[in-house]
Amino acid sequence: MKHTEQLHSLKQTIPEEYWNAIIKNDSTYDGTFFYAVQTTGIFCRPSCKSRPPKYDNVLIFPYAEQALAHQFRPCKRCKPTGARVPDQEWIYGVTDYIDKHYTEALTLDVLAAVSHGSPYHLHRVFKRITGQTPVQYIQAKRVTKAQELLKQTHLTVSEIGRQVGISNAAYFVSVFRKHIGYTPAHYREKQGSSL
């Protein structure tokens, strides 16, 4: 069974008292259960002060080991396993999230919220681990995907910009030129494409 199918089979109705404990950050439930957020791949204690998840994205586990066995990462903020999450593992989770969500509006605040850290700390650690800022990483991901689309499709430059998460065409051209040295149209021409 594939991982997503396994998670789908785990989906259950969350007891109302557990849901209330999650949204109220109730520490009296710590140790009673752990909750995992499918969209972020992170699991927490009920008392975690991170942004409340959407009900439909939550899975409940009686033990932290079960969440780990289902490939959820421990939250850096509430440390549900009691251990500190290594910075490299934390940043891997952030880059993985970016790689899957680069077409969305991603800000430092959004990334900090989904990774359960502060924006300042995330920015500093991200740059130390990857050698670039989160914004630089996002732009590089978008430009790489735009290069593929310019080579393989008939989409206009504006359409490609929107597909990679940059809806402002002029800004997309500027970002692309900064990374590649050519405008998207000139890049497409240089690739020998008759698109």
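So, the second largest cavity: its volume is about 40 Å³. This is a predicted model, by the way, so keep that in mind for everything I show. Lining this second largest cavity we have Thr40, Ile42, Arg73, Gly93, Val94, Tyr97, Leu111, Val114 and Ser115. Helices α4 and α5 each put at least two residues into that lining. By character, the lining splits into 5 nonpolar, 3 polar and 1 charged.

How many cavities of 30 Å³ or more does the structure hold? There are 2. The largest cavity has about 60 Å³ of space in it. Around the largest cavity sit Ile42, Arg73, Pro74, Lys76, Val85, Glu89, Trp90, Gly93, Val94 and Ser115. Two elements give two or more residues here, namely β4 and α4, which spans 87-101. The top contributor is α4, with 4 residues. The mix for the largest cavity is 5 nonpolar, 2 polar and 3 charged.

Okay, on to a pocket. The second largest pocket comes out at about 280 Å³. It has 16 lining residues, and the ones nearest its centre are Val37, Thr39, Thr40, Arg51 and Pro53. Which elements supply at least two residues each to that lining? Those are β1 and α5, residues 108-115. The largest share, 3 residues, is from α5. In this pocket the lining divides into 9 nonpolar, 5 polar and 2 charged.

Now the sheet. We have an open sheet of 4 strands, ordered β3-β1-β2-β4, and the pairing is mixed. At the edges are β3, residues 58-61, and β4, residues 73-74, each of them pairing on one side only. Strand β1, residues 34-37, runs antiparallel to β3, and 4 bridges join the two. If you want to find that register on the screen, Phe34 stands opposite Phe61, and Ala36 has Leu59 as its bridge partner.

Let me stay with β3 for a second. In a regular strand, side chains alternate between the two faces of the sheet. For β3, both faces are covered: Val58 and Ile60 are buried on one side, Leu59 and Phe61 on the other.

Last structural topic, the aromatics. The count is 9 aromatic pairs. One of them is Trp19 with Tyr55, edge-to-face, at 5.1 Å centre to centre and 80° between the planes. Why does this pair tie together parts that are 36 residues apart in sequence? Because Trp19 lies in helix α2, residues 16-23, while Tyr55 is in the loop between β2, residues 42-44, and β3. Trp19 has 17% relative accessibility, so it counts as buried. Tyr55, at 31%, counts as partly exposed.

Phe34, the β1 residue we met opposite Phe61, has a ring partner too. Its ring centre is 6.2 Å from that of Phe43 and the planes are at 75°, so this pair is edge-to-face. Both Phe34 and Phe43 are buried. There's also a cluster, in which ring pairs link Tyr18, Tyr29 and Phe33.

And one item from the records. UniProt, in an unreviewed entry, places "domain: HTH araC/xylS-type" at residues 92-190. In our model that span is 76% helix and 0% strand, and its end C-alpha atoms lie 34 Å apart.

Conventions: Residues numbered from 1 in each chain as written. Predicted model: local features only at pLDDT ≥ 70, side-chain atom pairs only at ≥ 80, totals over all residues. Heavy atoms only, no water. Pairing = 2+ DSSP bridges. 1 Å grid on protein atoms, 1.4 Å probe; cavity = no way out; pocket = protein on both sides within 12 Å on 5 of 7 lines; lining within 4 Å. Points joined across faces, edges and corners; volume = space filled by probe spheres on them. Nonpolar A, V, L, I, M, F, W, Y, C, P; charged D, E, K, R; others polar. Phe/Tyr/Trp six-rings, centres within 6.5 Å; stacked < 30°, edge-to-face > 60°. Buried < 20%, exposed > 50% of the residue type's maximum accessible area, 1.4 Å probe, protein only. UniProt positions renumbered as here; feature names shortened; annotations may be inferred.
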